[in-house]
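Biologist: Please show me the model, and then let us go through it by question and answer.

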Amino acid sequence: MQLAQQASVPEVERDTPAQDVLEGVSSLIRAVRCIEHRHLWPDSGLRRADASVLKVLAKDGEQRGGEIATKLGVDASVVSRQLTTLEADGLVSRRPDPADARVSLVALSPIGRQRLEALYAGYTRHLRSALADWNDDDMAAAAETLRKVAGAVTAAATSVRRPTTSTGER
């Protein structure tokens, strides 16, 4: 896929380097979603949102649903509904938090880990095939650049505060 050579929105001043990054990221997201829809999601038994929750648990271990929501940048009620479904599907388990029995600790179940690993193994195979002419150094450099972009955008997003209304609400 090629990056667009003209402004995405006519009459909007073009900041070429920033726009190229934005368009490159957008193209990458579309390409990944294409692989997901055609090859990965139908066979995995997972939805994208499920995989996100399971990935947080695989990476950071047992934790409260509110912590998962914070890491994903979504409302706790969203994660709570997801966890109910994931628990019913046997992909996560919950137990009372010893520090506060009103709250549950959520852990990735063995079958949840197995499905997540199978999904990411599929991603890896497709990516390795798509980038067959790239050497490992090229892939490492691309990964580092993508991490830097994601980190900078995430940091900027978390530092931006929504304006408050006259009632003080956000």
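**Surface, core and strands**

Modeller: V21 is partly exposed, at a relative accessible area of 44%; buried means under 20%, exposed over 50%, and partly exposed in between, with a 1.4 Å probe and protein chains only. This is a predicted model, in which local features need pLDDT of at least 70 and side-chain atom pairs count only at pLDDT 80 or more, while totals for chains, interfaces and linings use all residues. Residues are numbered from 1 along each chain as its sequence is written, and side-chain values use heavy atoms, with hydrogens and water left out.

Biologist: In which element of the protein chain is confidence lowest?

Modeller: The pLDDT is the predictor's confidence in each residue, from 0 to 100, and its mean over the protein chain is 85, with 83% of residues at 70 or more. Helices (H or I, at least four residues) and strands (E, at least two) are DSSP runs, numbered from the N terminus. Confidence is highest in strand β1 (residues 63-64), at 97, and lowest, at a mean of 80, in helix α1 (residues 16-44).

Biologist: V21 lies in helix α1. What accessible area does the nonpolar patch of V21, V25 and I29 have together?

Modeller: Patches take residues with over 30% relative accessible area and no salt bridge, joining like charges within 9 Å and nonpolar side chains (Val, Leu, Ile, Met, Phe, Trp, Tyr) within 5 Å. A salt bridge is a side-chain nitrogen of Lys or Arg within 4 Å of a carboxyl oxygen of Asp or Glu. For V21, V25 and I29 together, the accessible area is about 210 Å².

Biologist: Which element gives the most residues to the largest nonpolar core?

Modeller: A nonpolar core is a set of buried Ala, Val, Leu, Ile, Met, Phe, Trp, Tyr and Cys residues joined through side-chain atoms within 4.5 Å. The largest has 18 residues, and L54, L57, I68, L83, L86 and V92 have the most contacts inside it. Two or more residues come from each of α2 (48-60), α3 (65-72), α4 (76-88), β3 and α5 (110-130). The most, 5 residues, come from α2.

Biologist: V92 is among the core residues with the most contacts. Which residue is its bridge partner in β3?

Modeller: Strands pair if DSSP finds at least two bridges between them. Strands β2 (residues 92-97) and β3 (residues 100-108) run antiparallel, joined by 6 bridges, and a hairpin of 2 residues connects them. S93 stands opposite A107, and the partner of V92 is L108.

How values were computed. Areas by Shrake-Rupley, 256 points an atom, 1.4 Å probe, with all protein chains shown as cover.
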